[in-house]
Amino acid sequence: MATQRHYEELARQLSAIGTVKRGLGRVLPADCPSGAAIVLMLLDRYGEMRMSKLAELLDIDMSVTSRHVAHVADRGWVDRKADPLDRRSRLLTINASGQTLLGQVSERYTDALANCLSDWSDEDVDHLNELLDRLRRSFGDTRSRALPHQAETSITRTPSQR
């Protein structure tokens, strides 16, 4: 097991990743913020789904998901239709316009990464991908379990504060 010093450095490095994400966000088209791009990517990867499933995949609440969906729908990148199993729900699907935009976003992201990491070997990029995947899997589904700090907080709250 790593030492506390190693975890503290990891925390600093992960905080600095925000700079990388903001830099990558600058390559997105002006009318496609990162939240919209992620919505399109998830719809492309998983296919048609309800907004509740999208919120679950995004790990954000429904109000934020609704804003993201309204943004992509207003721009004509997704289609919404009534769910035949529950007329109160809507099914979301990425459409051809969204697919085209997603292709552009993906190309821009890939080009930006290739440019910034041009002095990295294929093995270095593969190793980073493996470690990031391992990190993500180590956290698992944080929605279904509290992290240590969250568990302490929920224990000290009264039921009316939860």
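This report describes the fold, confidence, surface and side-chain pairings of a predicted model of a single protein chain.

## Fold and confidence

The chain contains seven helices and three strands. Their order along the sequence is α-α-β-α-α-β-β-α-α-α. Of the 162 residues in the chain, 21% are buried. When contacts between residues at least 6 apart in sequence are considered, 52% of them link residues at least 24 apart. The accessible surface amounts to about 11700 Å², and carbon and sulfur atoms account for 53% of that area.

Averaged over the chain, the pLDDT is 87, with 86% of the residues at 70 or more. In residues 150–162 the pLDDT falls below 50, and this stretch makes six contacts in the model beyond near neighbours in sequence. Where pLDDT is low, predicted coordinates should not be read in detail.

## Helix 1 and its nonpolar patch

On the surface, Met1, Tyr7, Leu10, Leu14, Ile17 and Val20 make a nonpolar patch of about 620 Å². One of these residues, valine 20, lies in helix 1, which covers residues 4–25. Valine 20 is classed as partly exposed because its relative accessibility is 44%, between the limits of 20% and 50%.

## Helix 3, the following loop and helix 4

Helix 3 spans residues 51–58, and the loop between helix 3 and helix 4 holds aspartate 59. Aspartate 59 is not a glycine, yet its phi is positive, at about 60°. With a relative accessibility of 42%, aspartate 59 is partly exposed.

Within helix 3, glutamate 56 and lysine 53 form a salt bridge, and their closest N and O atoms are 3.5 Å apart. The two residues are three positions apart in helix 3, so about one helical turn separates glutamate 56 from lysine 53. Both partners are partly exposed: glutamate 56 has a relative accessibility of 39%, and lysine 53 has a relative accessible area of 37%.

Helix 4 covers residues 62–74 and includes arginine 67. Arginine 67 has a relative accessible area of 55% and therefore counts as exposed. The C-alpha atoms of arginine 67 and alanine 36 are 9.3 Å apart in space, although 31 residues separate the two in sequence.

## Salt bridges

How many salt bridges does a search of the whole structure find? The search returns seven salt bridges. Three of the pairs are listed below with their N to O distances.

| Basic residue | Acidic residue | N to O distance |
|---|---|---|
| Lysine 53 | Glutamate 56 | 3.5 Å |
| Arginine 88 | Aspartate 86 | 3.1 Å |
| Arginine 137 | Aspartate 133 | 2.8 Å |

In the pair formed by arginine 88 and aspartate 86, the two partners fall into opposite accessibility classes. Arginine 88 is exposed at 76% relative accessibility, whereas aspartate 86 is buried at 17%. The label for aspartate 86 follows from its value of 17%, because buried means under 20% relative accessible area.

The pair of arginine 137 and aspartate 133 belongs to helix 6, residues 122–139, where a spacing of four residues places the two about one helical turn apart. Arginine 137 is exposed, at 52% relative accessibility, while aspartate 133 is partly exposed, at 29%. Through salt bridges that share partners, Asp133, Arg136 and Arg137 are joined into one network.

## Cysteines

What does a search of the whole structure find in the way of disulfides? The result is zero disulfides. A disulfide is a covalent bond between the sulfur atoms of two cysteines. Cysteine 32 is buried, with a relative accessibility of 0%. Cysteine 116, in contrast, is exposed, with a relative accessible area of 59%.

Conventions:
Residues are numbered from 1 along each chain as its sequence is written. This is a predicted model: local features need pLDDT of at least 70, side-chain atom pairs count only at pLDDT 80 or more; totals for chains, interfaces and linings use all residues. Side-chain values use heavy atoms; hydrogens and water are left out. Patches are made of residues with over 30% relative accessible area and no salt bridge: like charges are joined within 9 Å, nonpolar side chains (Val, Leu, Ile, Met, Phe, Trp, Tyr) within 5 Å. Accessible areas come from the Shrake-Rupley method with a 1.4 Å probe; for residues, only the protein chains shown count as cover. A salt bridge is a side-chain nitrogen of Lys or Arg within 4 Å of a carboxyl oxygen of Asp or Glu. Buried means under 20% relative accessible area, exposed over 50%, partly exposed in between (1.4 Å probe, protein chains only). pLDDT is the predictor's confidence in each residue, from 0 to 100. Contact means heavy atoms within 4.5 Å. A disulfide is a pair of cysteine sulfur atoms within 2.5 Å.
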